[in-house]
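Here is a short, friendly tour of one protein chain and its ligand. Have the sequence and the model open as you read.

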Amino acid sequence: MSDSDFISGLPKAELHLHVEGSLEPEQMFAFARRNRISIPFPNVEALRAAYSFNSLQDFLDIYYQGADVLRTEEDFRDLALAYFERAHEDGVAHAEIFFDPQTHTARGLPFGVAADGLLAGMKEAEAKFGLTSKLILCFLRHLDEDDAFLTFADAEPWLDRIAGVGLDSSEVGHPPSKFARVFEAAGKAGLKRVAHAGEEGPPEYVLEALDVLHIDRLDHGNRSLESPELVTRLARAGMTLTVCPLSNHKLCVVDDLAAHPIADMLGHGLRPTINSDDPAYFGGYVADNYRAVAPLLTRDQLATLARNSFLGSFLDDAAVTRHIARIDAYVAGGVQ
Ligand SMILES: Nc1ncnc2[nH]cnc12
Ligand SMILES: [Zn+2]
């Protein structure tokens, strides 16, 4: 069996996926058409050609613009369902997906348009594909904490269906500590806490995410490798890192995929996972991300990454054990 087939069949969870980042150019045009909005590109090819980025900010500018075609609950439901269908083809059995409510409420959409649409898509994906999922509300870090608090208040009626809060958008200049109080409130409400840190920002931001935000999972975390003390601490804590190889390459976090630090992360005893981040913008879904780093890894390491994805999920212990048993059976089943 080729590495590529081995990866497709490997049961896996996806823990770092911005659902707005799964908006494919074809879908963007379709939503624009049905919502009678114009987009500033003549066709799908021209739009895709614009997906060339020098930095996170470069990408975010086009990503927020793209999200403007999402106007109705049906749009969000269709977006989520299309992602789940694609993820299912890649062997994803469970996904914990981010959404950015402020991107939508700032355009005048009520919180529930995005939340209810996504929840409907999640329910349908479970019925259709047996793919389970959880929803994580991300605060945009380029906005202030008061805005995050307003969003958290908007989310109140949905908190029983939201697994956690996250922190995304422009990292440098917006340290995790800016959101200390809202993350504390989310923790008190019983929500899990995750944050992007160490994607472009320094190791100190990762420390703040740990010590000030009390994160349960670290999104990206690449720059942690610059601090041996931090690496030791993350390894001892068994902290899951949601690593996104194709994103890292497209956003110039790593210069060369052949030099991606995934093998170093494993070698240092960290608990990395492989994820797609914004697959429509970065050229691949989760299996493509495994394939991108497969030349750097053994089959055992690929299976470890898949096991890590369930260990780092917010599923209950029985579900984690069940999924890991499926991976063990897959690996033991004579895969050459
Ligand atoms: N890779 C990323 N980093 C920060 N914010 C994001 N929002 C969507 N993708 C992101
Ligand atoms: Zn991300």
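The report below goes from the overall fold to the ligand shell and then to a spot near the start of the chain.

**Overall fold**

Please keep in mind that this is a predicted model. The protein chain is built from 17 helices and eight strands. Its radius of gyration is 19 Å, which agrees with the value near 20 Å for a compact globule of 336 residues. Some global values for the protein chain are set side by side here.

| Property of the protein chain | Value |
|---|---|
| Box filled by the C-alpha atoms, along the principal axes | roughly 50 × 40 × 40 Å |
| Buried share of the 336 residues | 49% |
| Share of contacts with a separation of 6 or more that join residues 24 or more positions apart | 76% |

**The annotated domain**

An unreviewed UniProt entry lists residues 11–328 as "domain: Adenosine deaminase". Over residues 11–328, helix makes up 49% and strand 15% of the chain, while the end C-alpha atoms are 10 Å apart.

**Around ligand 1**

Which residues surround ligand 1? They are His18, Gly21, Leu56, Tyr63, Asp168, Ser169, His196, Glu199, Ser247, Asp277 and Asp278. Sorted by class, this shell around ligand 1 holds five polar, four charged and two nonpolar residues.

**A look at Ser4**

Ser4 belongs to helix 1, which covers residues 3–9. Is Ser4 buried or partly exposed? Ser4 has 13 C-beta neighbours inside 10 Å, so it counts as partly exposed. In sequence, Ser4 and Asp288 are 284 residues apart, yet their C-alpha atoms are 8.6 Å apart in space.

Terms used. Residues numbered from 1 in each chain as written. Chains lettered and ligands numbered in written order. Predicted model: local features only at pLDDT ≥ 70, side-chain atom pairs only at ≥ 80, totals over all residues. Near = placed C-beta within 6 Å. Nonpolar A, V, L, I, M, F, W, Y, C, P; charged D, E, K, R; others polar. Helix = DSSP H or I, 4+ residues; strand = E, 2+ residues; numbered from the N terminus. Rg over C-alpha atoms; globule rule 2.2 N^0.38 Å. Buried ≥ 20, exposed ≤ 12 C-beta atoms within 10 Å, placed from the backbone. Contact = placed C-beta atoms within 7 Å. UniProt positions renumbered as here; feature names shortened; annotations may be inferred.
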